[in-house]
Amino acid sequence: MAKVFYDQDADLSYLQGKTVAVIGYGNQGRAQALNMRDSGLQVIIGSINDGSAERARADGFSVCSIPEAVRQGDVVSLLIPDEVQKTVYETDVRPNLAPGKVLDFAHGYNLRFGLISPPADVDVVMVAPRMIGVNVRKAFQRGNGVPAYVAVWQDVSGQAEQIALAIAKAIGTTRAGVIETTVAEETELDLFTEQAVWPIIMGSLLLASEVLVEAGFSPEMVALELYISGEASEIFRQMARVGFFEQLRYHSPTSRYGTLSRGERMLPDDVRERMRSVLREIRSGEFASEWEEEQKRGYPRLLELKKRTANHPIIRAERNVHRLIKIFLPE
Ligand code: NDP
């Protein structure tokens with residue numbers, strides 16, 4: 001059973017009198033910086049001087065260059081996209097990372113795959129909210145929090161876990177509960193969901209739309225039925241709230257019988273083996289090497305894949321539905 005920490009298990013005094021340098025003011029950077037400041041911490045922003053730096057200044061933060069923020073910060077939260085972290089770390093962070101500082105990540109990718117190897121004299125922790133940044137902020141403002149994972153990658157001070165928990169508390173996540181994990185577990189799980197679960201869900205929706213339109217159903221009805229109405233997202237919401245199977249109680253007996261009786265037939269046996277092979281590619285570092293190569297080459301395959309999906313007929317149907325129907329889903 002995983003170990004879970006709540007507000008009472010975390011102590012903000014591990015961060016009091018210290019400066020937290022948040023590097024990057026995007027999805028997570030803005031939400032975490034605002035929450036930490038509202039929790040009473042001293043927060044500065046390190047940013048390349050463009051759009052998001054302006055936003056940080058407008059929010060009342062002191063903004064400086066990334067090297068300067070790293071020099072001033074006792075805790076350095078690296079909240080820029082994973083793809084640029086290695087370069088920014090090497091040029092701006094590492095040269096300014098004095099012994100005794102704390103390096104904090106919101107996702108373990110660069111640590112797990114050896115793209116960033118921090119020096120042996122700093123604490124390295126991960127506090128990874130399980131939610132997009134805007135909701136990390138909204139939940140905090142409502143007095144709630146979102147769940148998170150915490151992990152210690154390197155503990156030099158002997159206090160790394162307490163510091164990670166203090167960060168988790170300052171951004172509001174211990175209100176919901178944070179699960180103790182490892183950087184490897186968080187990273188591999190995240191990649192597996194992206195690579196083995198979402199392709200099946202998204203692929204099956206696209207395939208279903210093709211089968212239905214080919215059989216004469218109206219493309220707009222199909223798009224509305226499959227996802228635009230929000231029923232699909234409501235099923236996931238209720239799964240999270242009441243349970244995977246319990247949510248079936250919100251559906252008719254016909255729907256329950258249809259879903260359960262056809263379940264096995266719709267998922268071929270070899271999917272299990274395919275999932276295992278995706279997991280093997282993640283764990284061996286094969287995916288990380290492939291992705292690094294793709295980035296070096298300027299994303300040719302990603303652009304090609306995106307071009308292919310952009311031309312799917314469901315996109316046209318989707319636009320038509322949005323013209324015809326008012327959808328009232330919260331942001
Ligand atoms: P964003 O894409 O929102 O980060 C944008 C910020 O990074 C902006 O301030 C941007 O500056 C800055 N930035 C972009 N490129 C560079 C660069 N080359 N050099 C310096 N700064 C740069 O990132 P996220 O918040 O989505 O992700 C941050 C971390 O949080 C990642 O590790 C991610 O995996 C993790 N995470 C993200 C979640 C999410 O909500 N998306 C959820 C949980 C974890 P500017 O705009 O000024 O160019």
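**Sheet, cores and buried polar residues in a predicted model**

Val127 sits opposite Val150, a residue of strand β8. That pair is a handy way into this predicted model, since it belongs to the contact between two neighbouring strands: β7 (residues 123-129) and β8 run antiparallel and are joined by six bridges. Strand β8 itself covers residues 148-154 and is mostly covered, with five of its seven residues buried. Strand β9 (residues 178-180) also pairs with β8, here in the parallel sense and through three bridges. Within that pairing, Tyr149 has Ile179 of β9 as its bridge partner. Helix α7 (residues 160-170) completes the local picture, as β8, α7 and β9 together make a right-handed β-α-β unit.

Zooming out, these strands belong to an open sheet of nine strands with mixed pairing, ordered β1-β9-β8-β7-β6-β5-β2-β3-β4. The edges are taken by β1 (4-5) and β4 (63-64), each of which pairs on one side only. At the β4 end, β3 and β4 run parallel and share two bridges, and Ile45 stands opposite Val63 of β4.

As for the chain as a whole, 15 helices go with the nine strands. Its C-alpha atoms fill a box of roughly 65 × 45 × 40 Å along the principal axes. Of the 331 residues, 39% are buried. Contacts between residues at least 6 apart in sequence lean towards the long-range end: 66% of them join residues at least 24 apart.

Helix α1 deserves a closer look. This helix runs over residues 27-38, so to speak a 12-residue stretch, and spans 17 Å from its first C-alpha to its last, close to the 16 Å expected at 1.5 Å a residue. Its buried residues are Gln28, Gly29, Ala31, Gln32, Ala33, Leu34, Asn35 and Met36. They pack against a mix of strands and helices, namely β2 (19-23), β3 (42-46), β5 (75-78), β7, α6 (133-141) and α7. After the helix comes Gly40, with a positive phi near 95°.The largest nonpolar core counts 35 residues, and Val22, Met36, Val43, Ile45 and Phe61 have the most contacts inside it. Two or more residues each come from β2, α1, β3, α2 (51-58), β7, β8 and α7. Helix α7 gives the largest share, with eight residues. Phe61 shows what such a core residue touches: beyond its neighbours up to four places away in sequence, its contacts are Tyr25, Ala33, Leu34, Arg37, Val43, Ile45 and Ala56. There is also a second, separate core of 25 residues, and Ile80, Tyr89, Ile116 and Val122 are among its members.

Polar side chains turn up in buried positions as well. Gln32, located in helix α1, has a relative accessibility of 0% and therefore counts as buried, the cut-off being under 20%. Apart from residues up to four places away in sequence, Gln32 touches Leu79, Ala106, Pro129 and Ile171.

Asn110 lies in helix α5 (residues 109-112). With a relative accessible area of 2%, Asn110 is buried too. Setting aside neighbours within four places in sequence, Asn110 is in contact with Asp82, Gln85, Lys86, Leu115 and Ile116. Ile116 is also one of the residues of the second core. The side chains of Asn110 and Gln85 are joined by a polar contact of 3.0 Å. Glu83 is 27 residues away from Asn110 in sequence, while their C-alpha atoms are 8.6 Å apart in space.

Gln247 is a case from a loop, the one between α10 (231-242) and α11 (253-266). Its relative accessibility is 5%, so Gln247 counts as buried. Leaving out neighbours within four places in sequence, the contacts of Gln247 are with Ile235, Gln238, Met239 and Val242.

Notes:
Residues are numbered from 1 along each chain as its sequence is written. This is a predicted model: local features need pLDDT of at least 70, side-chain atom pairs count only at pLDDT 80 or more; totals for chains, interfaces and linings use all residues. Side-chain values use heavy atoms; hydrogens and water are left out. Buried means under 20% relative accessible area, exposed over 50%, partly exposed in between (1.4 Å probe, protein chains only). Helices (H or I, at least four residues) and strands (E, at least two) are DSSP runs, numbered from the N terminus. Two strands pair if DSSP finds at least two bridges between them. A crossover is right-handed if, with the strands pointing away from the viewer, the path from the first strand over the helix to the second runs clockwise. The expected span of a helix is 1.5 Å times one less than its number of residues. Contact means heavy atoms within 4.5 Å. A nonpolar core is a set of buried Ala, Val, Leu, Ile, Met, Phe, Trp, Tyr and Cys residues joined through side-chain atoms within 4.5 Å. A polar contact is a pair of N or O atoms within 3.5 Å; within protein, one must be able to donate a hydrogen and the other to accept it, and residues adjacent in sequence count only if both atoms are side-chain atoms.
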